[in-house]
Structures are given as structure tokens and as C-alpha cells.
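Reader: I'm new to this one, so could you pick a single part and take me through it slowly?

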Number of protein chains: 4
Amino acid sequence: MDIKKYQRDLARFAAERDWDQFHTPKNLSMALAKESSELLEIFQWLTDTQSAAIKEQKEEMLRVSEEIADVFIYLVRLADKLNIDMEAAVARKMEMNSAKYPVELAKGNAVKYNRRKRRSG
Amino acid sequence: MDIKKYQRDLARFAAERDWDQFHTPKNLSMALAKESSELLEIFQWLTDTQSAAIKEQKEEMLRVSEEIADVFIYLVRLADKLNIDMEAAVARKMEMNSAKYPVELAKGNAVKYNRRKRRSG
Amino acid sequence: MDIKKYQRDLARFAAERDWDQFHTPKNLSMALAKESSELLEIFQWLTDTQSAAIKEQKEEMLRVSEEIADVFIYLVRLADKLNIDMEAAVARKMEMNSAKYPVELAKGNAVKYNRRKRRSG
Amino acid sequence: MDIKKYQRDLARFAAERDWDQFHTPKNLSMALAKESSELLEIFQWLTDTQSAAIKEQKEEMLRVSEEIADVFIYLVRLADKLNIDMEAAVARKMEMNSAKYPVELAKGNAVKYNRRKRRSG
């Protein structure tokens, strides 16, 4: 399914409930940040090993799936309310990232390019 | 483009840079929350009117588009690292939301169903 | 009560429960961000008028108070684990803010100084 | 210095700049969440060992101190705008936590009491 189909489905869902009055860009940015933080709560006290082992825990995985879906839903809604073409935005950002993190410089190094640059010169 | 295609493209991008060592579910949940919060900064001091008017400001809209793409990218990566089928997760959540917020009860009311229920008795 | 007293009380609370193993700076930054986001949930669908009227709602105010306390507690713990003198850090930041936002330039203008500067020059 | 003194100093700082119009509880909750997330960015790609070693990195420590101060400043402002006595709120929460996490049950266990309870019973 492509992203535009989700935008249409979620717009209809909100319209049927008369929720567009609540879905201002500002309010949606808050809901998005809130839902993203739910994922922090799941992982915050886990070691890296435990964090990888979560795949075997059915109940926790259901919870993660739900939170991921919530983030996606608010993200799509926010893009829709601002008439942003999410697929185009993602494509552009992926190109920017390719230019910003060339393989030969970024290999095995997660530090942001601009910070790396600032330090080296 | 469907979501699985993004998963594959982003997995390749990370593998080429040897970034899978950094992309633990825990770390990705942090990056996701951080990028979501960038959107808060854009809207935090704006009135609702100003927040709607942002559509006319080219520079701000570019910034919003970039942040939305960043959130999407980390979200897709997180789902991928946990072998979560994002499309299935979103479909399930949309069904849950339909059941949780029936049109006749949720119309014009943004309060969460469980809280509404708790209050009404 | 001064902040250092809170640091000591919270350090003892964690030590008694053998929680220092969980309270790495990284984990505490996650818990802090999570608790901050709980406040977003309270305000996300409210208009500015409703957001001001929350002062009259006893149940909501209790919830806000609890979340504010949670943020404070994790913030103090994080500072403590990194040996940061919070009072000195806040004093320094307040001086920086005074220099960054001089009254005559910042009056009635919430835009960040660096962004304002970038635009005007 | 006690927390009420910070409330007064920050209230005066905002009043001098005519910033109370921006400092609604809703807007302050956004600024608070944004600043908390800045700390995520600092720790997101670090291992636990690296996260502990940050204490030796002067530049990073300055950055952490600044972000901690920012979180504190917005937290105090939010409490002040809602007439919340932060010291009382923190004292009450610390008592609640003592009752919720008794030493003999919580020792070496970071899982939330309510979740632990749900599972065991």
C-alpha cells in the first residue's frame, strides 16, 4: 500500500469523527512526539542484549507494533494537513543523507557529519 | 512506493556504512523521539492561526518536510530491526481505533475513549 | 530545600533499591524524555483557553503535578550521575540567556536570537 | 537556592521580555519536551561504556549541562504558570514512589510496580 492511500484513509477517519478541529499541525506535532516517547519507555531500562531479545517476547512486541503504528498514523496526518508529499520528502531526505554521509567517510562512524567536520577542521 | 521498499533501501544504506552496530532498537527509539521533537520546536510558540499559516512559508515548510522524513526513516528502521510488518501493524491499529472510537461516540470529542469511559462511570 | 538535598535523597532512594545499574546517563535521558512527553498528552488537544482553564480542574492538576515531579526527579538524577552542579548550570544558562535575549531586542518576540539574526543579516 | 527563588527570577525574565503571551502551559510543555530530547541526541549512539566516559569530555559535558539547565528552566516556568508548588509536588511524588517501590520488592528490579503486579497476579 502506498503512503497516499494511508493519508486518504486517515483523513476520512478524522472527518467522520469531526476531528479536523483538533488536528492542527501544532497539536499533531505534540501527539507525534508523545507517541514516539512511548517507545522510549519500552526500552529505557533494557541492556542492548535485552533490547535485542525483545523479539522473542510476544506481549512486548505487540506493544511495540502498536506504538510504531501510532507514530506512523500521526506522522501521515501531519504531512497531510500541511499538504506535504511524504514520499517526495523521504526521497529528497534519502538523497541528502547519501551526500552527507558518503560511504568512505561514514563507515562505522555514527557521529553526525557536521560535527565530525567541525572537529577535524 | 510501498513501505517494504523503504525498509530494504534503508537497510542497504545502513549496511553500506556499517551502521547496524548503532541501530539497536533502543538507540533507534531515541533517534526517533529526538527527530519527532524537532517538530515541536517549529510549532511551540505559534498560535493556531500562525501554525496554519506555515503552509505559506517556504523555508519553514522545507524544514517541516525534512523532519517528517527523518521521523519516517527512523520509524521504518526500527520496525525493520524488529521484523515488524509496518503495514500490518498500521492496518491492525486502524481497526482497533475504529472499534475504540465509534463515530457516534467520538464525534467532535478528542478525549481518549478509556478516559471518557472512566469519567462516565 | 536546595537542589543538592534532592540529589542526595534521590541517590539514596536508588542505592537502597540497587537501581544504580539502571541509572546510566543514557537510560536516564530516555526516562526524562518519556516523562516530559506525558505533559504533552495532557495539553495536546486543548485550545489555549482550555489549557489555561486546567487550573480549575483538580484531577488534571494532580496529574500535571505528578508529571512535573517525575521530570524533576529524573533530571536531578541525571545531573547527579554526571557530577553536574545543577545550580551552577542553571545560573550559567540564565546569564547566557540574558546576553542572548537582551530586553530591547527580545521584547514580544519569541523567535530564537540566532534565527532572527540569520534572517536579518 | 530554593526552587521558589528560580520561579521568581524566571518570571521576571519573561515579564521583562513580554514573553508571558508565549508561555502558555501548552507551549511550555512543548518546549520542555523539546529540550529533554536534546539530551537523547547526545547519548543515542553511545554504548553504556561510552555514555559513562562522557564525564571526561569537557565539550560534551558543557553541552549536557546546558541542556539540563534548559529543561529545568522550562519545568520551573510551567509549574509557575500553573501555580504548582514544585517542592510540594516533588515531596509528594517521592512519598508515592517509596510506597510504590518498597525496597524488598524493588531491589534490583526496574520494572514498574503496576506492570510487575499485572504479571504476577
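Author: Sure, one term to start with: a residue is buried if 20 or more other C-beta atoms lie within 10 Å of its own, exposed if 12 or fewer, and partly exposed in between, with C-beta atoms placed from the backbone. This is a predicted model, where local features need pLDDT of at least 70, side-chain atom pairs count only at pLDDT 80 or more, and totals for chains, interfaces and linings use all residues. Residues are numbered from 1 along each chain as its sequence is written, while chains are lettered from A and ligands numbered from 1 in the order in which they are written.

Let's look at helix 1 of chain C. Helices are DSSP runs of H or I, at least four residues, numbered from the N terminus. With 14 residues (3–16), helix 1 of chain C should span 20 Å at 1.5 Å a residue, and its end C-alpha atoms are indeed 20 Å apart. That expected span is 1.5 Å times one less than the number of residues.

Ile3(C), Tyr6(C) and Leu10(C) are its buried residues. Down the helix axis they fall within an arc of 50 degrees, so they line one face of the helix; the arc is that of the directions from the axis to the C-beta atoms. They pack against helix 4 (58–81) and helix 5 (86–100) of chain C, together with helix 5 (86–100) of chain D. Contact here has C-beta atoms, placed from the backbone, within 7 Å.

Flip to the other side of helix 1 of chain C and you find Lys5(C), Arg8(C), Arg12(C) and Ala15(C) exposed. Just after the helix, Asp18(C) takes a positive phi of about 60 degrees.

Note on methods. Helix = DSSP H or I, 4+ residues; strand = E, 2+ residues; numbered from the N terminus. Contact = placed C-beta atoms within 7 Å.
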